[in-house]
Amino acid sequence: MRLVLLGPPGAGKGTQAGVLCKNYSLMHLSTGDLLREAVKNNTPEGVQANSYMDKGELVPDEIVAGMITEKLKKEDVNAGFILDGFPRTKNQAEILEAALNELRLPLDMVVYFDTSEETILKRLTGRRICRACGKIFHITNIPPKKEGVCDACGGELYQRNDDKEETIKNRIEVYNKQTSNLIDYYQQKKILNKASGDLGVDELFAVLKNTFERSGLI
Ligand code: ADP
Ligand code: ZN
């Protein structure tokens, strides 16, 4: 199964991608995670990307598209993959389509997480991430057993730089201006499916499982 998760920041794409990958043995490809890793390792791409990310702006297409196409070529994605946070512009969508056509791995479905502003703000301000393994928590929705400590690996939980109130506003604006028109783009390609990003993790998984069954993907 080859999927794209589309939706505003805070829609729960990363969390749900984790659940789906585990259940269906898919490869999780998140440009946000790849970029944060590059920043942490001080790679040339990371150094360039850092200032955009801190402001909540999009990192230039060449950088993210290069990272993703390299991963798609290098990793074993034959069992399927989930793209989370990519594409985010029409240009990225076109680069992706060309790369997947070349690999003969066209997309099966794009899931759009339709999410209210209230949910978005609550999710982003309460989000905490494990510094060691990247697992996502939320101070009230998905609290760790012990405050500030990752259930999975014991690592330290932290708040992302761009999850601060001022940056969140800009990220939502950037999404509305540069990414939300991909909903129409994929609707025209007849592969768009809408699901509510306001649902809880397990409820949403149940909805998606049903959608995949009806579409013959599982
Ligand atoms: P969220 O979906 O919660 O905004 P991500 O982890 O997907 O978080 O992205 C964090 C930041 O990384 C974005 O604000 C942006 O600066 C950068 N980024 C991630 N994916 C892309 C992309 N496809 N194109 C450009 N920038 C990206
Ligand atoms: Zn961890």
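## Backbone outliers

Asn-42 is exposed in this predicted model, with a relative accessible area of 58%. Asn-42 sits in the loop that runs between H2 and helix H3 (44-55). Its phi is positive, at about 55°, although Asn-42 is not a glycine. Lys-190 also has a positive phi, of about 65°, and is not a glycine. This residue belongs to the loop between helix H8 (182-188) and strand S8 (192-196), and Lys-190 is exposed, with a relative accessible area of 73%.

A further backbone feature is the peptide bond from Phe-86 to Pro-87, which is cis, with omega near 0°. Pro-87 is placed in the loop between strand S3 (81-84) and helix H5 (90-102). As background, most residues other than glycine have a negative phi, and most peptide bonds are trans.

## Zinc site

The zinc ion (ligand 2) has four sulfur donors: the SG atoms of Cys-130, Cys-133, Cys-150 and Cys-153, at 2.3 to 2.4 Å. Along the chain, these donors follow the spacing C-x2-C-x16-C-x2-C. Two of the donors, Cys-133 and Cys-153, are 20 residues apart and link distant parts of the chain. Cys-133 is in the loop between strand S5 (127-130) and strand S6 (136-138), while Cys-153 is in the loop between S6 and strand S7 (157-158). Cys-133 is partly exposed, with a relative accessible area of 42%, and Cys-153 is partly exposed at 41%.

The angles among the four donor atoms run from 99 to 115°, and the site of the zinc ion (ligand 2) is tetrahedral. For four tetrahedral donors, the ideal angle at a metal is 109.5 degrees.

## Arg-160 and its contacts

Arg-160 lies in the loop between S7 and helix H7 (165-179). With a relative accessible area of 10%, Arg-160 counts as buried because that value falls under 20%. Its side chain makes a polar contact of 2.9 Å with the side chain of Asp-162. Leaving out residues up to four places away in sequence, Arg-160 touches Arg-36, Arg-127, Ile-129 and Arg-171.

Arg-160 can also be placed relative to the zinc donor Cys-150. The two residues are ten apart in sequence, and their C-alpha atoms are 15 Å apart in space.

## Packing of helix H6

Helix H6 covers residues 117-126, and its buried residues are Thr-119, Ile-120, Arg-123, Leu-124 and Gly-126. These buried residues pack against S5, S6 and H7.

## Pocket and cavity

The second largest pocket has a volume of about 250 Å³. Its lining consists of Leu-34, Glu-37, Ala-38, Asn-41, Thr-43, Glu-45, Ile-63, Gly-66, Met-67, Glu-70, Lys-71 and Lys-74. Helix H2 (31-40) and helix H4 (61-74) are the elements that give two or more residues to this lining. H4 gives the most, with six residues.

The model has one cavity of 30 Å³ or more. The largest cavity has a volume of about 50 Å³. Its lining is made up of Leu-5, Leu-6, Gly-7, Lys-13, Gly-85, Phe-86, Pro-87, Arg-88, Tyr-175 and Thr-179. Strand S1 (2-6) and H7 each supply at least two of the lining residues. Phe-86 and Pro-87, both in this lining, are the residues joined by the cis peptide bond.

Note on methods:
Residues are numbered from 1 along each chain as its sequence is written. Chains are lettered from A and ligands numbered from 1 in the order in which they are written. This is a predicted model: local features need pLDDT of at least 70, side-chain atom pairs count only at pLDDT 80 or more; totals for chains, interfaces and linings use all residues. Side-chain values use heavy atoms; hydrogens and water are left out. Donors are N, O and S atoms within 2.8 Å of the metal (3.2 Å for Na, K and Ca); water is not among the atoms, so sites may look incomplete. Four donors count as tetrahedral if all angles lie between 85 and 135 degrees; four count as square planar and six as octahedral if opposite donors are over 155 degrees apart and all others between 65 and 115; anything else is irregular. Helices (H or I, at least four residues) and strands (E, at least two) are DSSP runs, numbered from the N terminus. Buried means under 20% relative accessible area, exposed over 50%, partly exposed in between (1.4 Å probe, protein chains only). Contact means heavy atoms within 4.5 Å. A polar contact is a pair of N or O atoms within 3.5 Å; within protein, one must be able to donate a hydrogen and the other to accept it, and residues adjacent in sequence count only if both atoms are side-chain atoms. On a 1 Å grid over the protein atoms alone, a cavity is a set of points where a 1.4 Å probe fits but cannot get out, and a pocket is an open set with protein on both sides within 12 Å along at least five of seven lines; lining residues have an atom within 4 Å of a point. Grid points are joined across faces, edges and corners, and a volume is the space filled by probe spheres set on the points.
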